[in-house]
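Q: I would like a close look at one aromatic part of this model. Please start there, then work outwards to other details that seem worth checking.
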Amino acid sequence: MKVPLSWLRDFVDIEVSIEELARKLTLAGLEVEEIRYVGLPIAHAETKVTGLAWDPEKIVVGEILEVMPHPNADRLVLTRLNDGKQEHTVLTGAPNLLGLKDSGPLETPIKVAYAKEGSQIYDGKQAGWELMTLKPVKIRGVDSSSMACSEKELGISDDHSGIIVLDDDAQPGTPLTDYMGDVVLDIDMLPNIARNANILGVARETAAQLGVPLKEPPYDVSWEGPSVDGQVSLDIQEPELNPRFVLGLIEDVNISPSPFWVQRRLHLAGMRPINNVVDTTNYVMLEIGQPLHAFDYDVLVERARGGSPTIITRLPEPGETIATLDGVERQLDDFTILVADTAGALSIGGVMGGGESEVGDSTKRVLLEGAGWDFINIRKTVAAQKLSSEAAYRFERGVHPAMAERGVRRGLEMMGELTGGSVNEGLIDKYPRPPVAPTVEITQSDIQRWLGIELELTEAAAMLERLEFSTEIDRSRLRVSPPDHRLDIGAGVVGKADVMEELARLYGYDRIPETQIADRIPPQYSNPRLEAGSQLRDLLASMGLQEVVTYRLTSPAREAKALASQGTEDRDYIRLANPIGEDRIVLRQDLLASVLEVVARNLRIRERVAVFEIGPVFLPIKGEQLPEESDRLAIAMRGPLNPLTWQGREPSKMDFYDMTGVVDGVLAGLHVGNIQYEPAAHATFHPGQCARILVDGRTLGITGVVHPLVAERFESPDTAIVAAEMDLGALFEWIPERYPVRPVPAFPPVLEDLAFVVDQKTPSERLRILIHETGEPLVVGVSVFDLYQGEQVGQGKKSLAFSIVYQADDRTLTDEEVATVRGKIVNRLEKELGAKLRDF
Amino acid sequence: MQEHLDKLEEQALAELNQVSEAEELRNWKVRHLGRSAEVGKVLEGVRDLPSEDRPAVGRRANEVKSQLENAYAAKEEALRGQELERSIAEEKLDVTLPGLSPARGRIHPSTQTMRQIIRIWAEMGFQVYRSREVETDEYNFGLLNFPPHHPARDMQDSFYTTDPEVILRTHTSPGQIRVMRERAPEPIRVVLPGMCYRHEQITARSEIQFNQIEGLAVGYQITMADLKGTLSAFARRFFGQDVRTRFRGSYFPFTEPSAELDIECFVCSGEGCTVCKRTGWLEILGSGMVHPTVLENGGYDPSVFSGFAFGMGPERITMLKHGIEDIRYFWANDLRFLEQF
Ligand SMILES: [Zn+2]
């Protein structure tokens, strides 16, 4: 909402600087997002500052005494201009002067905004706001170092269609900044203060914040014509949707452009001037917040076949349509409230008028409407019709029906002035549903409990009175009732909160002290999953993996890319009703598919990628409204194990075992024991290089080398991508609350390497477990350190070498003891797996 | 014989003087101290000498031997020193070649900021409570005092699912209702972190998903002054001890009164710059006293309980802190971005 300072000053005396006012309003919840200077000197403020100051020496009121033809150009004229001190010949191409060029000295001089040589103004010919300085130039042989300005050149509006013609009261020589320098505050009107989206509302807040009186506008009307009674009648059929309707009639209007001061204010407030009747309705709406609608009364009489028209507010007939001012023929919903007459619909109540009864250049009599509408119904209408307007913007935020009468009165008075029309005596006013103002009761302890401040009830009452609440103190209770321009104060405990907000704003957010909560800390709960998740991230990062976070919105087609041999048809997704694009239409179910996309994207810039993501997938549950949000871990790695270096050693590429190594590391880091891998099939993975991750026989997840077809789709046709996915719900169950720590042995271990030749198909893990089991308790560690396949061991065979740690807690082991255990191991492996101890 | 020894000594020492390499030294040792060295022979021959000469010659021969041994040791030491010096000189490295780092992983910047925020709140007794991302319209709006068709709904464009009652949460606030319903009538101090969704076009300034972290305190005597004190304490912990803060009126349907916490722009120190959009202030946090309707919906009697709530965006804060101008970086997962954190 754009608020010109000059307009605000009609209703409140402002003794503080504009910048200080902006600060105060901002703290009170009316955030001033921008201060735009339109002539007045620019100062530092705690907000965005834009605009132009007019040099009082150089930009002044001028008067054009005569408009003369240009010797060499048809579209330019010369003017004889008095700047208050002397006369100049000033060149202009303004279309609004061309017509006067042969009429000799003007009877009434034309008052203009005159910028002398050296003035800084905006360049009217450039799009946007480019500053320029007036320099002496000749245009077609005529000296042209000064000019009469357009609104654009002075930063009032983007209108560059002609020069400004000031009202006649302007005195030549007066610095223009003194005559009409201004500042526009651009205020962000949040829904809770939308009642203030008008000059009067901001003036009321300003007065309350500054502690000065509000000068409410008079709502007097200079009645001139005959009584309005009998000239129009009213029929409200839906009082819940249309609690009030007020009409006034004005005759002998003369449609013409509004005077400059009206045009200027409309422009500064962001509206375009049209003519004196339309401008009046907009002016009143901007000023006090009540939208008005002007009908051409004679059109209504015609539609009533010459009789006196009846205005009816009603719901539409089945199938009824209306052509609105924007030229659209609209289908109406059964809740759309219409303003109609006996011949049919005239406008959509509170939203937009129809074309037929619109005021035009030949309008002589104007019927002026001010009404109150149910704000929820207006919102529904705006949403259903995808149609908004300045009026609807206000009505859908709640305009008190009491404002309808004030609006019509203010409108009639102003329209009479601007159009020279005479206002018929009296109003047609039906008010079937006046809102009931709630009474809210508060105590001093309420204020203390809510805001943490000590405030006497008398002080609180005085503050609220500044916003025109009515107040009454009954011993320890303050009873307050909101004024009849606002609908936002509720009843009961909600009303209490509403009043507390007003008190906080009036007391000043900056004056509220800073304290710490006096309550004791509430019961604390253990949060093992959060801690495990955090630990898991740290473990993965410590192993060289980068955490990523991807979009949770994807498409079945994108997830299908991660499956070599099947689609996603069998997945029941949570689908969006209003996606922003084809590629994000469902909530993901396959975290690894998203992580593979990250791999693909980064392969464009580098060879090596090692990433993981922790986050939910969304699994609908039959018969439940909301899905299961199941946390997963997905890991993907590709390329060299270590980053390439200048030493030129070719590092090995990450393979299956690098992946299971990471999984082992993570699980060991979380103290999850008893991990096993068993061959598995999964559509994302290479059929022979895929394993299920098990703990104590229960599945935690899947890992392996990504299927070559899938890898190719994710930009890695030649190099393996290895990946893993785990269900964190399952994983976290295996994290022990405590784990034992063994003492460091006091006696030396015996280390021994043994190699066995076995069938190629025998999993190494079987050997490892057998060695361990057989050697217990003296064998405390077994690990594979070499795998050999080739001539020396024969076709279909492989050699696996293990390093074995023998250790006793209470003695140094003798060679005999170790030999005995070794013998048992060799025998058992031979018996169970046909393993042969290999000699080197 | 004495002369012989004198000469022997003189000659051996002279030769030793000429030695400059380990090999020569070894040869010298063989010659002069080895098994067939002259000194040895002299010593062996002592017993063949007349008995009166034996002591003097023996003494002298031993003297020469130990003299030569000492000289040898000194020479060996000297040569080793020289050798070390030479090899050190040869081993000089180009210290400007880059180090060979092992692969290093990092935590995503949003997680990092979230952790930092959670840690500070934890110290003030606010525990993490995780709440779901797919929500009902009722939890996301209705129970939070956004009635149907209320203007406040305009402020948040939602993603709807094919079930019209089910939406992607637009804020973490539905978690307020969930934690209250779970804990009522116990007092509460929690933070609710997590992903939220808005129906927007993806641009440098707006995203369809973003993290929020929301705080909620409910108790018997929690005031707006407490809200101000608590949030200021947080701002000092997070942004620095001397940070200037500003509370200003705002609006959220689920709090009343509502307030926005701004901190003085740390880029321009309040002078006005592009980061703070020339205002000198940065919006950090929305907050307010829990609306009585929301307390009631959570199962708390608003005439007995009061509370405050606040919320902030880790991505936005990360962007402000590091001068990041494009929010899309966060989910694009370009390693060149992520590896800077
Ligand atoms: Zn700044």
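In which helix do B:Phe234 and B:Phe238 lie, and how many residues apart are they?

A: Happy to walk through it with you. This is a predicted model, in which local features need pLDDT of at least 70 and side-chain atom pairs count only at pLDDT 80 or more, while totals for chains, interfaces and linings use all residues. Residues are numbered from 1 along each chain as its sequence is written, chains are lettered from A and ligands numbered from 1 in the order in which they are written, and side-chain values use heavy atoms, with hydrogens and water left out.

B:Phe234 and B:Phe238 lie in helix α8 (residues 224-239) of chain B, and because they are four residues apart, about one helical turn separates them. Helices here are DSSP runs of H or I with at least four residues, strands are runs of E with at least two, and both are numbered from the N terminus. Over all chains, the structure holds 23 aromatic pairs. In the pair you ask about, the ring centres of B:Phe234 and B:Phe238 are 5.6 Å apart and the planes lie at 20°, so the two rings are stacked. For reference, rings of Phe, Tyr and Trp (its six-membered ring) pair if their centres lie within 6.5 Å, with planes under 30 degrees apart called stacked, over 60 edge-to-face and the rest tilted.

B:Phe234 has 0% relative accessibility and so counts as buried; B:Phe238 is buried too, with a relative accessible area of 5%. Buried means under 20% relative accessible area, exposed means over 50%, and partly exposed is in between (1.4 Å probe, protein chains only). The two phenylalanines also belong to one aromatic cluster, formed by B:Trp121, B:Phe126, B:Phe234, B:Phe238, B:Phe239, B:Phe266, B:Phe308 and B:Phe310.

One cluster member, B:Phe266, follows a zinc ligand in the numbering, which takes us to the metal site. The zinc ion has four protein donors, the SG atoms of B:Cys265, B:Cys268, B:Cys273 and B:Cys276, at 2.2 to 2.3 Å. Donors are N, O and S atoms within 2.8 Å of the metal (3.2 Å for Na, K and Ca); water is not among the atoms, so sites may look incomplete. Along the sequence, the donor residues are spaced C-x2-C-x4-C-x2-C. The four donor atoms subtend angles of 102 to 114° around the zinc ion, so the arrangement is tetrahedral; four donors earn that name if all angles lie between 85 and 135 degrees. Among these cysteines, B:Cys273 and B:Cys276 are buried.

Charged contacts come next. A salt bridge is a side-chain nitrogen of Lys or Arg within 4 Å of a carboxyl oxygen of Asp or Glu, and by this rule there are 80 over all chains. One of them joins A:Glu287 and A:Arg410, at 2.4 Å from N to O. This pair links distant parts of the chain, 123 residues apart: A:Glu287 sits in helix α8 (residues 276-288) of chain A, and A:Arg410 in helix α12 (residues 402-419) of chain A. A:Glu287 is buried, with a relative accessible area of 0%.

Helix α12 of chain A also holds a partner of another bridge, in which the side chains of A:Asp484 and A:Arg406 meet at 2.8 Å, N to O. These residues are 78 apart and link distant parts of the chain, with A:Asp484 in the loop between β29 (477-481) and α15 (492-507) of chain A, and A:Arg406 in helix α12. A:Asp484 counts as partly exposed at 37% relative accessibility, whereas A:Arg406 counts as buried at 17%. Elsewhere, bridges that share partners join A:Glu31, A:Glu46, B:Arg246, B:Arg248, B:Asp262 and B:Glu283 into one network.

Finally, some backbone details. Most residues other than glycine have a negative phi, and most peptide bonds are trans. The bond joining B:Ala184 and B:Pro185 is cis, with omega about 5°, and B:Pro185 is in the loop between α7 (174-183) and β4 (188-197) of chain B. The peptide bond from A:Glu776 to A:Pro777 is cis as well, with omega near 0°. A:Asn674 has a positive phi, near 60°; this residue is exposed, with a relative accessible area of 54%. A:Asp696 has a positive phi of about 50° and lies in the loop between β36 (685-695) and β37 (698-706) of chain A.

Definitions and conventions:
Four donors count as tetrahedral if all angles lie between 85 and 135 degrees; four count as square planar and six as octahedral if opposite donors are over 155 degrees apart and all others between 65 and 115; anything else is irregular.
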